Amino acid sequence: MHRYYDDFVKEALDDMQEDRFELFDVSISLICKSIQKIKSEKMMPYGLKSSHVLFLVQLNKNKEGMTASELSEAGHVDKAQISRVISELLQKGYVIKKCLRQGQKYNVKLMLTEAGKKVTDEINEIIAKVLEYVSGSIPNSDLDIFYRTLFKISDNLFALTSDADI
């Protein structure tokens, strides 16, 4: 796959304490780039961007709909980005706005259209295939530990970036 990366991992694992930052940084960067590339390639036939994936999946899970603020919070993205994504998904006919009262402009619920549900079902099939490929040979107990650890690291990094003393 990546010869340098493979050699680097072998060396880093031999001396985990010394190279932990570099191993973590390189691994996370490679994971992010790979996910971005997969999302971009797999969304192209639908005329979608990688940035649309998470929000379609979130809306599919929340059948009653979600506000832009809820989507922003769920995806940890700023409101400007969520506004662009919503605009694009509305234009493509994958999402509709549902007003709870007449004339409501803000805090409207966004919901998938039938076309949005269909494309999201196909996206979920793609996601399932990718997850099976990348983690199918890893025991569930190892995956559980990995995700618990990853979430803890993520929480710690978020807290650290919120700390004014760093």
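**Aromatic cluster, core and salt bridges**

Phe 146 is partly exposed, with a relative accessible area of 41% (buried is under 20%, exposed over 50% and partly exposed in between; 1.4 Å probe, protein chains only). The model is predicted: local features need pLDDT of at least 70 and side-chain atom pairs pLDDT 80 or more, while totals for chains, interfaces and linings use all residues. Residues are numbered from 1 along each chain as its sequence is written, and side-chain values use heavy atoms, leaving out hydrogens and water.

Phe 146 pairs with Tyr 147. Their ring centres lie 5.0 Å apart, and the planes meet at 70 degrees, an edge-to-face arrangement (ring centres of Phe, Tyr or Trp, its six-membered ring, within 6.5 Å; stacked under 30 degrees, edge-to-face over 60, otherwise tilted). Tyr 147 is also partly exposed, at 37% relative accessibility. The ring of Tyr 147 pairs with that of Phe 151 as well. Here the centres are 6.1 Å apart and the planes stand at 35 degrees, so this pair is tilted. Tyr 147 and Phe 151 both belong to helix α7, residues 140–162 (DSSP runs numbered from the N terminus: H or I, at least four residues, for helices; E, at least two, for strands). They are four residues apart, about one turn of the helix. Phe 151 is exposed, at 51% relative accessibility. The total is two aromatic pairs. Phe 146, Tyr 147 and Phe 151 together make one aromatic cluster.

The same three residues join a nonpolar surface patch with Leu 131, Tyr 133 and Val 134. The patch has about 690 Å² of accessible area (nonpolar side chains joined within 5 Å, each residue with over 30% relative accessible area and no salt bridge; like charges are joined within 9 Å; areas by Shrake-Rupley, 1.4 Å probe). Helices α6 and α7 each give two or more residues to the patch. Leu 131 lies in α6. This leucine is partly exposed, with a relative accessible area of 42%.

The largest nonpolar core holds 21 residues (buried nonpolar residues joined through side-chain atoms within 4.5 Å). Leu 48, Leu 56, Leu 71 and Ile 123 touch the most other members. Two or more core residues come from each of α3 (50–61), α5 (79–92), β2 (109–112) and α6 (114–135). Helix α3 gives the largest share, five residues. Beyond four places in sequence, Leu 56 touches Leu 48, Leu 89, Tyr 94, Leu 112, Val 119, Thr 120 and Ile 123 (heavy atoms within 4.5 Å).

Four salt bridges are found in the whole structure (Lys or Arg side-chain nitrogen within 4 Å of an Asp or Glu carboxyl oxygen). One of them joins Glu 70 to Lys 109, with the closest N and O atoms 3.7 Å apart. This pair links distant parts of the chain. Glu 70 is in helix α4 (residues 68–75) and Lys 109 in strand β2, 39 residues apart. Glu 70 is partly exposed at 34%, whereas Lys 109 is buried at 18%.

Helix α6 carries further bridges. Glu 114 meets Lys 117 with a closest N and O separation of 3.3 Å. These two residues are three apart, about one turn of the helix. Glu 114 is exposed at 62%; Lys 117 is partly exposed at 35%. Glu 122 bridges to Lys 118 at 2.9 Å, N to O. The spacing is four residues, about one helical turn. Glu 122 is partly exposed at 25%, and Lys 118 is exposed at 54%.
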